[in-house]
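Visitor: I'm new to reading protein structures. Could you walk me through one, a feature at a time?

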Amino acid sequence: MQRALLAFMVATSIAASAPDCLAAQPNTVSGRAVGEMTPSFPVLDVTGPHKGNSVCYVCESKDAPLVLAFFRETGNETASLVGKLNDLAKDQNLRVVAVMIQGQDSQPWLEKLAEENRITIPLTVLRNGKHDVAIKLYKLNASVSNTILVSAKRKVTANFVNVKMQNFGRVTNAVSRVVGQK
Amino acid sequence: MTSRRLIARSFLLAWVGDSLIFTLRSEAGEPGKAGRYPFVTAEQLKKLIDSSATQDIVVVDTQPSEYFQEAHLPGAVNLPYADRIRTPMNLPRTKTLVLYCPCEQEEESIAMATKLEKLGYTRLKILQGGLPRWRELGYPTVGSTNGQAEKR
């Protein structure tokens, strides 16, 4: 009886501390790993010349370097990062695509963002939002705020999760390396 | 000397004639080529599928299998785009393979056609405009989306 009670107490204490353990986990995984292929997936373009169309940017870029930035939701941090990505695309003359996992609900926010901040990179949404096949295909973790993949020759060369403005430099560095190898 | 001139003129005439015919064909809306692979238009393929005259062709979808399961052209087989094609494959060499991808500019289908050609496939065609064009025309797709058939 005492053993059963002890086991119960141990089990409940583990269960209670589990969320904290997960929250403190430093290496959250999301997105295809370095070296993996970037499969084709269509996105719905919200801004720019392809507005309203389904476009496969992975197919279009062929072997050229490409940055795919998946964002979980809209907000100030996302807006700032999109601005940074836009600058990066201009500076390095490469294709950068921002994809909102939230789906078509984020369309008005993206349109406003592009207009007010003169964003020229494609701002897109997943056609089926959180239920889109791309989430599974790209192994995206729905709990992270963003996943940024740098690719070249249809292979992931760098993978960043939960990027913030303060540590955006590592994305820039990864892009520079890829562009330098062109 | 005169005969040389005559030959040169004949070549020039032939070249001009060919260019003219090519231009007229293009203006008449005949499908051109994707690289060295002939195009098939969505309209032409739809007619073939509708008339069940597809015994000499195999429609090949290069989407990732997850997207193929969601929606693909009626009767299509899935050969997802990959760096290297795994052999052996179940694609017949005696039939014409009509390849399509989820891309308007046919990038992936052309790349896959090149890989197939290296494996000895010679009868290769490309669906002009790929899956986006097919959908744009409102032609039906088959798959898990909306039950059995999806018409956009």
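Visitor: How many helices and strands does the secondary structure of chain B come to?

Guide: Before we count, keep in mind that this is a predicted model. Chain B has five helices and eight strands. Following the sequence, they come in the pattern α-β-β-α-β-α-β-β-α-β-α-β-β.

Visitor: Which share of contacts in chain B joins residues at least 24 apart?

Guide: Here we look only at contacts between residues at least 6 apart in sequence, and 64% of those link residues at least 24 apart. As for burial, 32% of the 152 residues in chain B are buried.

Visitor: Let's try a single residue. Why does A:L44 count as buried?

Guide: The idea is to count neighbours: a residue is buried if 20 or more other C-beta atoms lie within 10 Å of its own. A:L44 has 21 C-beta neighbours inside 10 Å, so it counts as buried. You'll find A:L44 in strand β1 of chain A, residues 43–45.

Visitor: Leaving aside neighbours within four places in sequence, which residues is A:L44 in contact with?

Guide: They are A:S54, A:Q104, A:T124, A:V125 and A:R127. Also, A:G103 is 59 residues from A:L44 along the chain, with 8.9 Å between their C-alpha atoms.

Visitor: What is the order of strands in the open sheet of chain A?

Guide: The seven strands run β2-β1-β5-β4-β3-β6-β7, with mixed pairing. In chain A, β2 (54–55) and β7 (155–161) each have a single partner strand, so one side of each has no neighbour in the sheet.

Visitor: In which sense do β3 and β4 of chain A pair?

Guide: Strand β3 (residues 66–71) and strand β4 (residues 95–100) of chain A pair in the parallel sense, over six bridges. To see a bridge up close, find A:L68, whose partner in β4(A) is A:V97.

Definitions and conventions. Residues are numbered from 1 along each chain as its sequence is written. Chains are lettered from A and ligands numbered from 1 in the order in which they are written. This is a predicted model: local features need pLDDT of at least 70, side-chain atom pairs count only at pLDDT 80 or more; totals for chains, interfaces and linings use all residues. Helices (H or I, at least four residues) and strands (E, at least two) are DSSP runs, numbered from the N terminus. A residue is buried if 20 or more other C-beta atoms lie within 10 Å of its own, exposed if 12 or fewer, and partly exposed in between; C-beta atoms are placed from the backbone. Two residues are in contact if their C-beta atoms, placed from the backbone, lie within 7 Å. Two strands pair if DSSP finds at least two bridges between them.
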